[in-house]
Each structure stands twice: as structure tokens, then as C-alpha cells.
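Reader: I'm new to reading protein structures. Could you show me how to look at empty space, helix packing and annotated regions?

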Amino acid sequence: MTDRNVPAGIPNDTISAQIVAIAATRDMASFEALFREFGPRIRAYLLKLTRDGQAAEDLMQETMLAVWRKAGQFDPTRGQASAWIFTIARNTWIDAWRKQKRPALDPDDPALVPAAEADAPTLLELKQRGAALHEALKALPEEQVELIRLSFFDEASHSTIAARLGLPIGTVKSRIRLAFGRLRAALEEKK
Amino acid sequence: MTIRHHLNDDLLIDYAAGTLSEGWSLAVACHLAMCPQCRDQLALAEAMGGALLEDLAPVAGPDDSWETLKTRLANASEEPAKPVLRPARATLPEPLRSYLGGDIESLKWRNLGNAKQILIKTGDDTTQARLLRIAAGKPVPEHSHGGRELTVVLTGSFHDAVDSFGPGDIEDADGSLTHQPIADEDQDCICLAITDAPLKFSSRLLRMVQPLLGI
Ligand SMILES: [Zn+2]
């Protein structure tokens with residue numbers, strides 16, 4: 001992870017293949033490999049949000065059970081496996097830990113405005129975009145990446161984060177915007 | 001239909017992170033249902049969440065974590081997915097219909113001068129969600145916001161001194177804006193409005209009756 005020539009992160013195509021195998025044949029070996037790779041990171045994520053070791057362990061297990069149950073819904077041509085696992089961990093945390101719902105759209109709703117038909121990216125393109133995202137994250141100034149991390153790993157609102165860091169709320173928002181803009185630019189090149 | 005007013009990055013990121021409160025999230029979800037472009041941006045923000053998750057230093061758990069998970073898996077019953085009933089066509093998008101308990105023709109509006117409204121119940125006590133129906137060509141009384149107001153246009157359109165908003169557009173107004181939205185002539189404008197503080201009306205009379213009207 002410290003070697004800057006090696007793209008950081010976990011090989012998403014391996015993870016994708018494992019999730020597909022879980023869906024297709026309920027393959028326990030793939031599930032165990034996925035658990036060994038991602039379980040400790042999901043636990044780390046949930047520990048940051050809950051600051052409670054027992055809750056983090058329980059919610060990590062809930063997340064992995066949901067990954068097992070929902071594996072058939074994962075479409076490896078649509079996006080990164082890690083993004084899919086992230087959304088499952090996030091929703092598990094919200095359902096169990098937050099008192100509010102997170103309203104979400106229904107992809108099959110008749111009132112949904114559909115996207116123009118676009119070609120699905122190839123697996124190679126997806127892989128390149130995953131690597132580009134990691135490189136762009138690494139290249140961000142620390143002050144920006146810190147705020148992105150806080151946005152994802154801390155329940156506090158931007159105004160609370162701003163107060164804690166002794167920054168005006170406008171500065172916090174503009175750093176987040178700058179960081180997101182750079183990641184967006186890095187990925188758009190790979191589209 | 002071309003959407004000109006999109007989600008701000010800070011709303012998008014907080015929604016992707018799951019930390020945005022329920023009231024604001026309802027407005028974000030309605031915009032997303034009407035805006036494929038912002039759905040792509042959400043996918044990017046969630047990919048970022050995935051990348052950050054991959055980069056986290058692993059935290060070891062109890063020695064029997066995997067055994068426990070396997071046992072829970074063996075004992076878990078595979079509940080069959082409940083079929084979701086959807087109408088063949090709809091005007092208002094999900095998740096809004098579920099919050100309202102139906103689509104546009106089933107709603108019971110309360111009169112409010114040139115406008116009608118329905119208060120929407122959410123689990124979020126830091127915001128108030130409402131559906132507004134502004135009569136075609138008519139203004140909403142001039143007001144400013146004690147805090148933030150998110151407005152998503154669902155049908156019709158409105159304009160104020162600065163800008164105009166059509167179906168799918170989202171307006172993000174802070175406490176400094178005083179405006180008087182006017183519905184365009186051709187049809188009533190229905191929008192979802194989320195606020196985190198009572199509106200401040202310029203008219204003293206309206207300020208007095210405000211508590212009675214629940215606005
Ligand atoms: Zn948009």
C-alpha cells in the first residue's frame with residue numbers, strides 16, 4: 001500500500017467474480033475469501049461510525065449476510081464491487097443504528113425518468129476506472145481527502161465538522177466540492 | 001425536459017455517505033428519480049465510498065467471527081422477496097408517493113391563499129417537508145428563510161426575480177434569500193419543499209396567522 005507504483009485497494013475483478021459465484025452456486029469458498037478480504041474493512045468502517053466494537057462486529061456480520069442474500073442483484077458490468085459492498089454496509093448501518101430512514105428512489109418506478117441508452121463499460125474499462133479513482137484519491141491534497149473521509153466515516157454534519165476543525169463552513173464545503181470535482185475529472189478521462 | 005438546477009456536491013456526498021437527514025434526503029431522492037445525470041454522480045460518489053472502504057486499515061475481530069457468521073448463515077431462512085406492486089403509470093415519483101400514501105389525484109390539499117399544501121410526516125424532527133401547489137400564474141407570498149430550503153419541482157414551473165425552475169429542477173436556498181416564487185401561467189406548479197426553520201413572511205398579517213396555518 002505504500003508502494004506508489006502499485007494501484008492501491010483490492011482487485012475489484014476478483015471480488016466481482018466471487019460475488020457472481022456466490023449468486024450462481026452459493027459458493028462457500030468464494031464467500032469465505034470475500035469475508036477474509038472485506039470483513040475486517042467493513043468492521044473498520046462500522047467502528048468509525050458507531051465507535052462501538054460489539055456493534056461494529058454485529059453490523060459487519062449483518063452486512064455479510066446481506067451480501068450473501070443479495071449477491072444475485074449485483075451486476076458486475078454496472079460498477080465496482082467495492083461500491084456495491086459499501087452501499088450494503090451503509091444501509092445496514094442506517095437501518096440498525098440511525099433513527100431515521102434514508103428515502104431512496106425505486107429503479108422500476110413508472111415515474112422514474114430513464115437515462116439515455118448508453119453502452120455498458122467493458123470490464124477492462126471498469127478496472128481502469130477503479131484504478132483511476134484510487135490514483136486520484138491519492139493525489140488529492142491531504143486537507144481535501146481528510147474532509148472526504150470525514151464525510152463518509154463520521155456521522156457529524158458539515159457544520160459540526162467545520163466547528164471541530166476551526167474552519168468556516170464555506171471552506172469545508174468548497175474543499176469537498178474541489179475534491180469531488182477532481183475525482184470526477186479523473187474518471188471522466190477514463191470513460 | 002431539460003433539468004438546469006442539479007444537486008450540490010455536499011448534498012450528493014452526504015446522501016451517498018448515508019449521513020444526510022431524512023427530510024433533505026427525500027428532496028434528493030425525488031431529484032434523483034427525475035435526473036439521470038445526478039444518478040451518475042451518485043454512482044461516482046458511491047464508488048468513492050467503495051474506494052475509501054478498500055483503503056481502510058483492516059480491524060481484526062473476535063477469533064470466531066467467521067464461525068459465527070457461518071452458523072448464522074446456516075440458520076437464516078431464505079425469505080422469499082415480497083413482490084412490489086407498482087402502478088402502470090404515475091405522476092409523482094417514488095419515494096414521494098409512499099410518503100403521501102398515493103399519487104396526485106388522491107391527495108387532500110389544505111388551502112393557503114394562492115397555494116395549497118400538504119404537510120408530509122417524516123421521522124426527521126429537524127426539518128419540515130411539505131407538498132405545495134401554487135395556482136397557475138399566482139405568486140406565493142414573499143418570504144425569506146430562517147434556514148435552508150430545498151425545493152424540487154414535480155409538475156409545472158415557477159420563477160422568481162433571479163431564476164426559473166421547471167420539472168425536476170432543485171432549488172437550494174439559504175437564509176439570506178428573500179424571494180417571491182410565481183407559478184408560470186400554463187399550469188399549477190406542484191413542488192416538494194423541505195425547510196429547517198419556519199419561513200419568514202414579509203407580510204405582518206401572514207406572520208400572525210402562520211401558526212394557525214401550520215407553515
Ligand atoms: Zn440533477
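**Pockets, helices and domains**

Author: Happy to. The second largest pocket has a volume of about 620 Å³. Keep in mind that this is a predicted model.

Reader: Which residues are closest to the centre of that second largest pocket?

Author: There are 25 lining residues, and the closest to the centre are A:Ser157, A:His158, A:Ser159, B:Trp24 and B:Arg148. Elements giving two or more residues to the lining are helix 7 (158-165) and helix 8 (169-188) of chain A, together with helix 1 (9-17) of chain B. By class, the lining has five nonpolar, ten polar and ten charged residues.

Reader: And how do people find empty space in the first place?

Author: Rolling a probe the size of a water molecule over the atoms shows where empty space is left. In this model there are three cavities of 30 Å³ or more. The largest cavity comes to about 110 Å³.

Reader: Which residues and elements line that largest cavity?

Author: It has 13 lining residues, and B:Leu132, B:His143, B:Glu149, B:Thr151 and B:Pro181 are the closest to its centre. Strand 3 (128-134), strand 5 (149-155) and strand 11 (189-195) of chain B each give two or more residues to the lining. Sorted by class, you get eight nonpolar, three polar and two charged residues.

Reader: Now helices. How do I describe two that pack together?

Author: Two packed helices are described by the angle between their axes and the distance between the axes. Try helix 8 of chain A with helix 1 of chain B: the angle is about 80 degrees and the axes are 9 Å apart. Angles of 65 to 115 degrees count as roughly perpendicular, so helix 8 of chain A and helix 1 of chain B are roughly perpendicular to each other.

Reader: Which residues meet there, between helix 8 of chain A and helix 1 of chain B?

Author: From helix 8 of chain A come A:Lys173, A:Ile176, A:Arg177, A:Phe180 and A:Arg184, and they meet B:Asp9, B:Asp10, B:Leu12 and B:Ile13 in helix 1 of chain B. That contact has four nonpolar, no polar and five charged residues.

Reader: At what angle do helix 8 of chain A and helix 3 of chain B cross?

Author: Roughly 100 degrees, with the axes coming within 11 Å; helix 3 of chain B covers residues 36-55. These two are therefore roughly perpendicular to each other as well. Here A:Phe180, A:Leu183, A:Arg184 and A:Leu187 meet B:Gln41, B:Leu44, B:Ala45 and B:Met48. By class, this contact has six nonpolar, one polar and one charged residues.

Reader: What about helix 6 of chain A and helix 3 of chain B?

Author: Helix 6 (residues 142-153) of chain A packs on helix 3 of chain B at about 95 degrees, with the axes 11 Å apart. That makes this pair roughly perpendicular. A:Ile148, A:Arg149, A:Phe152 and A:Phe153 touch B:Ala45, B:Met48, B:Gly49, B:Leu52 and B:Leu53. The class count is seven nonpolar, one polar and one charged residues.

Reader: Last one: how do I use a database record alongside the model?

Author: Take the positions from the record, then look at the chain there. For chain A, an unreviewed UniProt entry lists "domain: RNA polymerase sigma-70 region" at residues 34-102 and 136-185. Residues 34-102 of chain A are 75% helix and 0% strand, with end C-alpha atoms 27 Å apart. Residues 136-185 of chain A are 82% helix and 0% strand, with end C-alpha atoms 9 Å apart.

Reader: Where does UniProt place the "domain: ChrR-like cupin" feature?

Author: At residues 104-192 of chain B, again from an unreviewed entry. That span is 0% helix and 47% strand, and its end C-alpha atoms lie 12 Å apart.

Conventions
Residues numbered from 1 in each chain as written. Chains lettered and ligands numbered in written order. Predicted model: local features only at pLDDT ≥ 70, side-chain atom pairs only at ≥ 80, totals over all residues. Heavy atoms only, no water. 1 Å grid on protein atoms, 1.4 Å probe; cavity = no way out; pocket = protein on both sides within 12 Å on 5 of 7 lines; lining within 4 Å. Points joined across faces, edges and corners; volume = space filled by probe spheres on them. Helix = DSSP H or I, 4+ residues; strand = E, 2+ residues; numbered from the N terminus. Nonpolar A, V, L, I, M, F, W, Y, C, P; charged D, E, K, R; others polar. UniProt positions renumbered as here; feature names shortened; annotations may be inferred. Axes fitted to C-alpha atoms, helices over the stretch in contact; angles between N-to-C directions. Parallel < 35°, antiparallel > 145°, perpendicular 65-115°, else oblique. Contact = heavy atoms within 4.5 Å.
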